[in-house]
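Colleague: Hey, got a minute to walk me through this one? I'm new to reading these, so keep it simple.

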Amino acid sequence: MDLLEYQGKQLFRKHGVPVPDGAHADSVRGAVDAAEELGFPVVIKAQVQIGGRGKAGGIKVANDPEEAKRHAEAILGMDIRGFTVHELYVEKASSIDEEYYAAIVFDRSAKKPMVMLSRMGGMDVEEVAERDPEAMRMLHVDPLIGFQHFHGRRLAFEAGIAPDLIRPVGTMLGKLYDVFEEEDATLVEVNPLLVTSEREVVALDAKVTIDGNALYRHPDLAELRDVSAEDPQERMAKERGLTYVKLDGNVGILGNGAGLVMSTLDVVAQAGGRPANFLDAGGGSKAEAITSAVEVILSDEKVSAVLFNIFGGITRCDEVAKGLIEAFRQVEPEVPFVVRLDGTNDEEGRRLLAEAELPNVHTEATMLGAAERVVELAG
Amino acid sequence: MAVLVDRDTRLCVAGITGREGTFHTLRNRDYGTNVVSGVTPGKGGQDVDGIPVFDTFHTAVAETGANTAMIFVPPRFAADSILEAEDAGIELIVAITEGIPAHDELRVYNHLRRGGSRLVGPNCPGILSPGKANVGIIPAQFFKEGNVGLVSRSGTLTYQIGNELAQRGFGNSSIVGIGGDPVPGSSFIDIIALFEADPETELIVMCGEIGGSAEEEAAEYIAEKVSGPVLAYIAGFTAPPGKTMGHAGAIVSGSKGTAAAKAEALEARGVRVGRNPTQVADVAVEILGARV
């Protein structure tokens, strides 16, 4: 779960990470009020879960109420790389001496947290890191020991941080590590990590990702879920406890098990089709779950045919067939379905489907055969 | 021969008294696995269809000589249960539980790497050594003894590919599900090393998916250390970046972790990559010769 900047900064404040004063707003009026409260100049910032906001015109400095109003009007509702801006963060402008970069990431390869620091922060940090890898310093932290002072000193010295800032930058990294560990984050990124003209170190941005599996430990964060950012079909699926990812094709896909569904998408693409979604119905065969899944898939108007791919292991294909027949009676879909049942009790499952004589339902025994058939039917 | 589980396995199940735990424990026992005990705190002294239940792993190990643990407890208690099994001296811990917080997995992984226990999973279907032992939820009826070692990040996809291989007459030394989480206790490399050392395994099939760099690392390892043939399949060629595809670990981040990059890394090091499950079986026939 990706937090918006202002949500990330709430966590930063909680853990003592210095951030500029600021206030959240979801209207032009609210933004102007917040700006007047904070005192000019302020920065009006679009709150969307994607980088490159500055370049897209989503971050603007305002020197008076009139300018604040104009910028807030322009930014609210703006589209930034596919994300519509519904919220703003109004922040007191900072004086900028230097821009650093700091991050703590979950290094899956080393299976340890990795702390990163660079003096070359700001825009285009990825390109800087690519051009001059030495400019981006990184080290792993043993999660059983946690972040130590020496980690901070070592990174700061290696990154070439000015002598007067070695200690404050190290302290800052330690506090960011606290956020990472105590909030169950899988990413904490600050770009830029600002050095003000008073030589104070401040987090000017906050990009925080929280592990969805750990939300039970953070009820306050679970409430922050930004549903406005989600696609309506994805939201509907989530409410029904299904794992659904919307894609942009016209072949609806439903299967059991994440790996098999991913493989099904690939096989449909190899057959010349374009998958409309990823949907893992899990191990269940209950009519209720299948009905829910079919409804979610068909709520996408682009879907012109659906492939239902089941390999029955513990789940029995005859049970799946019964669930499917019941679901069809409830939903009465208008587009053709190709059903591939293989595995435990597959013959019995196919027999039940054939006997039910569902309109527009085609059964197939193999994954490849089913993919070709559904692509043909989808047109 | 087989890897990890066989006739010497003495299994103790954490969460044996839960609905899923009971169901799969009894299935494993019916298959022939030597299930010696279970652990559910507060239910010590009870039994599940004759299998004694203990309050702690330590008493279960002392009383029944368990050497393998299967973890079936809910995600918020799973890390604790794995650590308890390790503390009690269990050699192999197979964690089926899905949804364990990533930071818990990180701490468990780094702790276990210092001790003597091996962890397979979490969020995995377990390990099946056909004809010998089944520890987990793999449907054993599709598989027979043979010389193909199968290692996979995904459950149902394993069954699909295993079944395609079975239809061509191939059996398995062992089938190992390493799980779909970002921090698996055992990696492809760990399991491939076991298959390489197993004289019965003539072909290793690895079934990967998008996310992370475990397949790329395995490619390097195979090129340097593995003498026998390895065949791979990667799921997720059509997955868009930034979206988690069902498994917590299956996410393409930026330009990293794509299926195309993984397939390329494997092929560059001489590992053949099947483009779909059926083609994997086709290539297996090319490598080992037709069986049916």
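Modeller: Sure. Let's start with pLDDT, which is the predictor's confidence in each residue, from 0 to 100. You need it here since what you're looking at is a predicted model.

Colleague: OK, so what pLDDT does chain B average?

Modeller: Chain B averages 95, and 100% of its residues score at least 70.

Colleague: And what are the ipTM and pTM of the model?

Modeller: The ipTM is 0.92 and the pTM is 0.93.

Colleague: Switching to chain A. How many helices and strands has it got?

Modeller: Chain A comes to 13 helices and 18 strands. Its C-alpha trace spans about 80 × 50 × 40 Å along the principal axes.

Colleague: What percentage of chain A is buried?

Modeller: Out of 379 residues in chain A, 47% count as buried. Also, if you take the contacts in chain A with a separation of 6 or more, 68% of them involve residues 24 or more positions apart.

Colleague: Now the place where the chains touch. How many residues does each chain put in?

Modeller: Chain B gives 45 residues to the contact and chain A gives 41. On chain B's side, the elements giving two or more residues are α3 (75–87), α4 (102–112), α5 (155–167) and α9 (277–288).

Colleague: Which of those gives the largest share?

Modeller: That's α4(B), with 7 residues. Sorted by class, the side of chain B that touches chain A has 20 nonpolar, 18 polar and 7 charged residues.

Colleague: New topic: that sheet in chain B with 7 strands. What order do they come in?

Modeller: The order is β9-β8-β11-β10-β12-β13-β14 in chain B, forming an open sheet with mixed pairing. At the edges sit β9 (133–136) and β14 (272–274) of chain B, each pairing on one side only. From one strand to the next, the twist averages 20°.

Colleague: Remind me, what holds strands like that side by side?

Modeller: In general, strands of a sheet pair through backbone hydrogen bonds, and they can be parallel or antiparallel.

Colleague: And β10 and β11 of chain B, do they run parallel or antiparallel?

Modeller: Parallel: 5 bridges join β10 (residues 145–152) to β11 (residues 172–177) in chain B. To pick out one pair, L150(B) has I175(B) in β11(B) as its bridge partner.

Colleague: Last one. Which strands does helix α8 of chain B lie across?

Modeller: Helix α8 (residues 259–268) of chain B lies across β12 (203–209), β13 (230–235) and β14 of chain B. The helix runs at about 170° to β13(B).

Definitions and conventions:
Residues are numbered from 1 along each chain as its sequence is written. Chains are lettered from A and ligands numbered from 1 in the order in which they are written. This is a predicted model: local features need pLDDT of at least 70, side-chain atom pairs count only at pLDDT 80 or more; totals for chains, interfaces and linings use all residues. Two residues are in contact if their C-beta atoms, placed from the backbone, lie within 7 Å. Helices (H or I, at least four residues) and strands (E, at least two) are DSSP runs, numbered from the N terminus. Ala, Val, Leu, Ile, Met, Phe, Trp, Tyr, Cys and Pro count as nonpolar, Asp, Glu, Lys and Arg as charged, and the others, Gly among them, as polar. Two strands pair if DSSP finds at least two bridges between them. Axes are lines fitted to C-alpha atoms, for helices over the stretch in contact, and angles run from 0 to 180 degrees between N-to-C directions. A residue is buried if 20 or more other C-beta atoms lie within 10 Å of its own, exposed if 12 or fewer, and partly exposed in between; C-beta atoms are placed from the backbone.
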